[in-house]
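Visitor: I am new to this structure and would like a close look at a single part of it. Please take one sheet and its surroundings, and go through them step by step.

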Amino acid sequence: MGESQGRTLEPDGDVDVVHLWVWTGLHLEVLTANLGGNASTNLEILTCSGTFYDTDGGQARIEWVSACDEVAIITVTSSNGSYGSGESYTLAANQLP
């Protein structure tokens with residue numbers, strides 16, 4: 001929580017998967033930002049409450065309140081098929097009030 005990671009959509013067909021430990025009642029957001037090159041992101045988060053999606057392309061953001069203690073599975077993919085070392089983004093997870 002409160003941290004970010006620089007990532008790239010590389011190699012072709014890259015799928016980034018991140019595991020995030022969350023607890024019941026935690027209000028949080030996960031987002032992609034600072035897109036580089038032609039990067040455009042899809043964000044999917046699998047939780048005990050169901051699966052949340054932001055697949056509009058560009059930067060992505062999902063906000064939710066966790067219904068259980070769990071490891072949420074975050075998946076980021078390219079929404080426009082652009083891959084390579086210049087196709088970069090920042091992945092962040094933040095606790096909200």
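Guide: What follows is a walk through one sheet, then through some residues in its strands and in the loops. The model is predicted, and every value below is computed from it.

Start with the sheet as a whole. Four strands make up an open sheet, in the order β2-β7-β4-β5, and their pairing is antiparallel. At the edges are β2 and β5, the latter covering residues 50–54, and each of these two pairs on one side only. On average, neighbouring strands of this sheet are turned by 20° against each other, direction ignored.

Now take β7, residues 70–78, and look at what it pairs with. Strand β2, residues 15–22, runs antiparallel to β7 and is joined to it by eight bridges. One place to find this pairing in the model is L20, which stands opposite A72 in β7. Strand β4, residues 41–47, is also antiparallel to β7, and six bridges join the two. Here there are two positions to look up: L46 has I73 of β7 as its bridge partner, and E44 has T75 of β7. When following any of these strands by eye, it helps to know that side chains in a regular strand alternate between the two faces of the sheet.

Stay with β4 for a moment, and pick out T41, which is found in that strand. T41 is buried, because its relative accessible area is 0% and the cut-off for buried is under 20%. Its side chain has two contacts to look at. One is a polar contact with the side chain of T32, at 2.6 Å. In the other, the side chain of T41 reaches the backbone oxygen of G58 at 2.8 Å. Beside these contacts, look at G57, placed in the loop between β5 and β6, where β6 covers residues 61–65. G57 and T41 are 16 residues apart along the chain, yet 5.2 Å separates their C-alpha atoms. G57 has a relative accessibility of 16%, which is under 20%, so G57 counts as buried too.

Next, go to the surface. M1, W21, W23 and V71 form a nonpolar patch there, and together they have about 410 Å² of accessible area. One of them, W23, has its place in the loop between β2 and β3, with β3 covering residues 27–33. W23 has a relative accessible area of 39%; this lies between the cut-offs of 20% and 50%, so W23 is partly exposed.

Two further loops hold a backbone detail each. Most residues other than glycine have a negative phi, and most peptide bonds are trans. In the loop between β3 and β4 lies N34. Phi of N34 is near 50°, a positive value in a residue other than glycine. N34 is exposed, because its relative accessibility is 56% and the cut-off is over 50%. The other detail is at P11, in the loop between β1, residues 3–8, and β2. There the peptide bond from E10 to P11 is cis, and its omega is near 5°.

Key
Residues are numbered from 1 along each chain as its sequence is written. This is a predicted model: local features need pLDDT of at least 70, side-chain atom pairs count only at pLDDT 80 or more; totals for chains, interfaces and linings use all residues. Side-chain values use heavy atoms; hydrogens and water are left out. Two strands pair if DSSP finds at least two bridges between them. Axes are lines fitted to C-alpha atoms, for helices over the stretch in contact, and angles run from 0 to 180 degrees between N-to-C directions. Patches are made of residues with over 30% relative accessible area and no salt bridge: like charges are joined within 9 Å, nonpolar side chains (Val, Leu, Ile, Met, Phe, Trp, Tyr) within 5 Å. Accessible areas come from the Shrake-Rupley method with a 1.4 Å probe; for residues, only the protein chains shown count as cover. A salt bridge is a side-chain nitrogen of Lys or Arg within 4 Å of a carboxyl oxygen of Asp or Glu. Buried means under 20% relative accessible area, exposed over 50%, partly exposed in between (1.4 Å probe, protein chains only). A polar contact is a pair of N or O atoms within 3.5 Å; within protein, one must be able to donate a hydrogen and the other to accept it, and residues adjacent in sequence count only if both atoms are side-chain atoms.
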